[in-house]
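Please open the model in your viewer and keep the selection panel at hand; the stops below follow one another.

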Amino acid sequence: MRDDPRQPDPAASSHLDALAARVIAGDEFALAELHEALTPGLTRHFLRKLGGQRRAIEQAEELAQAAWVQVWALLQRGAYDPQRARLTTYIYGVAHIVWMRAMREQERRQQRDGASLDADGVSGDTTRALVEGDAAEDALELTSQIEQVREVLAGRGGGFTPAERDALRAIAEGSTDRELAKRLGVAASTANERRKTLLARLAKWLGG
Amino acid sequence: MNERDAQRLLEMAHEAERLERDLSGAMGAADALPLLAGRGRGSMFGSSTRWGYWRAAIAACAAFVLVFGASWLQRSLPKGTVTTIASRGGHKAKPAADHATMLIALFAGDEQSNAAEPECWCLQRFAPVSGGDVASMAPEELIAASMERACVTSPRQVVVIGLSGPREHLPASDDEARSLAKCLLGDGASVGSGDVCLASSVDLRVQRWSNE
């Protein structure tokens with residue numbers, strides 16, 4: 001599907017890749033180092049998603065811990081394939097799955113208990129339950145697709161021009177039609193058309 | 001695969017890039033000073049109930065007000081006590097283009113409000129007089145700059161969080177600033193691991209001013 005070989009960004013991920021390789025080889029010191037390297041970033045990631053919810057910090061830390069346990073388990077089992085996605089994308093995929101499971105579990109609990117959807121967010125029980133799941137299959141498929149999109153945005157696939165990639169990046173950032181129009185210097189209706197066209201092309205390319 | 005799936009994957013790719021920056025920002029954590037060293041857990045905002053009250057009390061002032069540091073020199077700081085609650089920094093050789101300094105200021109004015117339950121707060125971009133970052137600023141500069149944009153008429157207490165670092169590691173919205181303030185100042189649950197709240201590439205200074 002790709003027309004260019006994947007070229008991971010070495011500056012951002014080479015240290016993590018090296019650590020992961022050592023973890024896979026059974027280096028326990030590397031395991032501790034990787035944990036130290038991942039946990040703060042993962043916690044900030046979940047903090048952003050939780051926004052100003054009550055107990056956001058504890059929840060973010062719990063979710064980060066759940067994601068870390070999954071990443072560690074998947075690395076140990078050899079479930080991560082560096083040929084399909086860079087490690088940072090893989091970690092994001094696992095974190096995303098942990099997040100989605102947390103949301104689903106929370107929704108189930110709220111429906112079961114009749115609780116309202118308030119600002120309590122994700123309960124500790126929910127996040128604890130996450131580590132029992134298995135993210136291997138989901139993560140592999142999801143991260144491959146995300147990696148392909150990252151390659152497109154980096155100009156390494158899909159045949160998009162720099163201007164088209166800039167528009168795709170604006171869409172990725174959640175720009176409205178009006179914001180997209182301003183960025184492209186066109187009318188809002190034209191921006192909407194371009195959005196549809198670009199997404200259709202991207203979907204076609206990703207679908208192979 | 002349809003257009004909606006493609007849009008969702010685009011958004012996730014964007015999130016993955018942000019996480020990658022977060023992770024790379026955390027790589028230097030070993031040389032970062034412990035955040036809020038010596039402080040108890042959550043002493044600033046007390047319990048999570050208090051935090052809820054604080055949130056409810058928020059009346060965000062004009063977000064992202066550009067404050068020119070020179071103005072503070074022309075105005076004396078109101079009488080009061082300035083205390084540095086936390087300081088972390090010392091990053092050298094910052095490229096000017098992608099670095100910024102921001103302030104998150106929390107104001108308490110009337111008798112019912114205090115630093116734990118402020119009346120209002122501001123997120124400000126800031127240009128330090130020295131041209132440096134928060135770690136190299138004069139002790140009162142943070143407080144004085146915040147006073148320029150005070151959102152209460154007669155502040156009794158102000159807590160200012162000064163941040164300098166790569167723009168991508170600074171809060172990009174009111175929500176992110178609120179979340180960061182909550183993380184840094186505590187909600188009664190956990191402020192133990194300092195580098196959880198901020199990338200290690202961000203310099204930090206937290207100061208409190210009180211006229212009591």
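Select A:His35, A:Leu38, A:Thr39, A:Leu42, A:Thr43, A:Phe46, A:Leu47 and A:Leu50 in helix 2 of chain A, and you will find that they meet a set in helix 3 of chain A that includes A:Ala56, A:Ile57, A:Ala60, A:Leu63, A:Ala67 and A:Val71, two residues being in contact if their C-beta atoms, placed from the backbone, lie within 7 Å. The residues of this contact divide into 13 nonpolar, four polar and one charged.

This is a predicted model, in which local features need pLDDT of at least 70 and side-chain atom pairs count only at pLDDT 80 or more, while totals for chains, interfaces and linings use all residues. Residues are numbered from 1 along each chain as its sequence is written, and chains are lettered from A and ligands numbered from 1 in the order in which they are written.

Now show helix 2 (residues 28-50) and helix 3 (residues 56-76) of chain A as ribbons: their axes come within 8 Å and cross at roughly 130°. That angle makes helix 2 of chain A oblique to helix 3 of chain A, and the crossing is right-handed.

Next, display chain B beside chain A, where 45 residues of chain A are in contact with 39 residues of chain B. Helix 2 of chain A gives the most to the side of chain A that touches chain B, with ten residues, and the residues of that side divide into 22 nonpolar, 13 polar and ten charged.

Definitions and conventions. Axes are lines fitted to C-alpha atoms, for helices over the stretch in contact, and angles run from 0 to 180 degrees between N-to-C directions. Helices (H or I, at least four residues) and strands (E, at least two) are DSSP runs, numbered from the N terminus. Angles under 35 degrees count as roughly parallel, over 145 as roughly antiparallel, 65 to 115 as roughly perpendicular and the rest as oblique. A crossing is left-handed if the near helix is turned anticlockwise from the far one by less than a right angle, and right-handed if clockwise. Ala, Val, Leu, Ile, Met, Phe, Trp, Tyr, Cys and Pro count as nonpolar, Asp, Glu, Lys and Arg as charged, and the others, Gly among them, as polar.
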